[in-house]
Amino acid sequence: GPPSDLPPLSVNWLDLRGSGLSILERLVLEECLLRHDSRNWLIVGTHEASQHRYLRLSPLPSYITQVQQKREADLDGGANTNTAVILGLGGKPADLLNIPVVKEEGCLCIKRFTGGGTVVLDYDSVWTTLLFRPPHPALPSETFPRPIMEWSANKVFGPLFDSLGELQKERVSSTMNNGGGANSSSAMIQPKGERTLILDNKSCGAENSGKTLFLDRDKENDHDSVASASGATEMPQFSLRENDYVLGDLKMGGSAQSIVKNGWIHHTSFLWDYQVENMNLLTLPPKRPDYRKDRTHKDFLVKLNQAYPNLTKKDFMQQMHKVTSKSFDVTNTPLSEAMKVLQDQGGIQTWFETKSRTRVLHDLA
């Protein structure tokens, strides 16, 4: 780490929960901060797909309006307004999207300003952003994708998942001490066959990850120790595998980056939960890492609410604040402070329409 006589790096913490910013608006804000601000930012939040606080999308893509028209004619249940599909800057819709399903669902498709693969996001996705301005002794000495990924795993997400594991153990032990008992269903991960929904056309999944992730339930009747009863010895370990964050050997988040002359951004969507039918919006991408082979999305991914059944999305964001505050000088910052940067560029609507590389996909071909 940096020499102790140096003051810690100043970072603005922006919590967008309850801000009303949509998925699209968050992307536009992040891109503007990266390009037109000089501060360091840590940003967290959950976001709606179709309810925009500031942006007016007109016209809407035809694949959405056609579903809306069918709905008006009572031929259909209406568009899937809870979900957005987000492609990396270089992503080709024809390769990555199951286009007939996207057209049937009518969910918003966005191409973002960062690289990486395709993700399906809804309100159950927890979205974290690291936006930093090198050089600084606390930051990776090389500003390239791999060193940034390794730094994020060592400095931010490794400590975060350690902290979540500890909190999960505490909650389980207090549940049992309060008479929940070792068989209390809230204290145990139930084996379920579902997985999260993340797809990255460059890197997806982890080796041998057809396994189901759940704690060691064989020990649940052993009352000698809370640790064995809670399966605490089996808390899944966080690690970085190739370009993926994994728990044990299952992937649980998709990351993407953009590196510009005055800084870099590394953002990740962690799937706290997901709707299983949204799997069908994506194809098996043409480029896959060897370890993924031909497995479907649900065969190598895990939901965080299954790994940490006693925790909430709020816990995840609070623990991230706590962990990053140990490494950086973190200042809570209101949304209005971040929005000033967009206002100085003519406002969010103008900047989105004229400068932003994040855009709504109109043509799915």
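Visitor: What does helix 8 reach from its first C-alpha to its last?
Guide: Helices here are DSSP runs of H or I with at least four residues, strands are E runs of at least two, and both are numbered from the N terminus. The model is predicted: local features need pLDDT of at least 70, side-chain atom pairs count only at pLDDT 80 or more, and totals for chains, interfaces and linings use all residues. Residues are numbered from 1 along each chain as its sequence is written, and side-chain values use heavy atoms, with hydrogens and water left out. Helix 8 covers residues 313-327, and against the 21 Å expected (1.5 Å times one less than its number of residues), its reach is close, at 22 Å.

Visitor: How many disulfides does the structure hold?
Guide: A disulfide is a pair of cysteine sulfur atoms within 2.5 Å. The structure holds zero. Cysteine 107 is in none, and the nearest cysteine sulfur, that of cysteine 109, is 5.2 Å away.

Visitor: Is cysteine 107 buried or exposed?
Guide: Buried means under 20% relative accessible area, exposed over 50%, and partly exposed in between (1.4 Å probe, protein chains only). The relative accessible area of cysteine 107 is 0%, so cysteine 107 is buried.

Visitor: Which residue is joined to proline 59 by a cis peptide bond?
Guide: Proline 59 lies in the loop between strand 2 (41-45) and helix 2 (62-72). Omega is about -5° for the cis bond, and the partner is serine 58.

Visitor: What is the phi of glutamate 242?
Guide: Most residues other than glycine have a negative phi. Glutamate 242 sits in the loop between strand 7 (238-241) and strand 8 (244-247). Although glutamate 242 is not a glycine, its phi is positive, about 50°.
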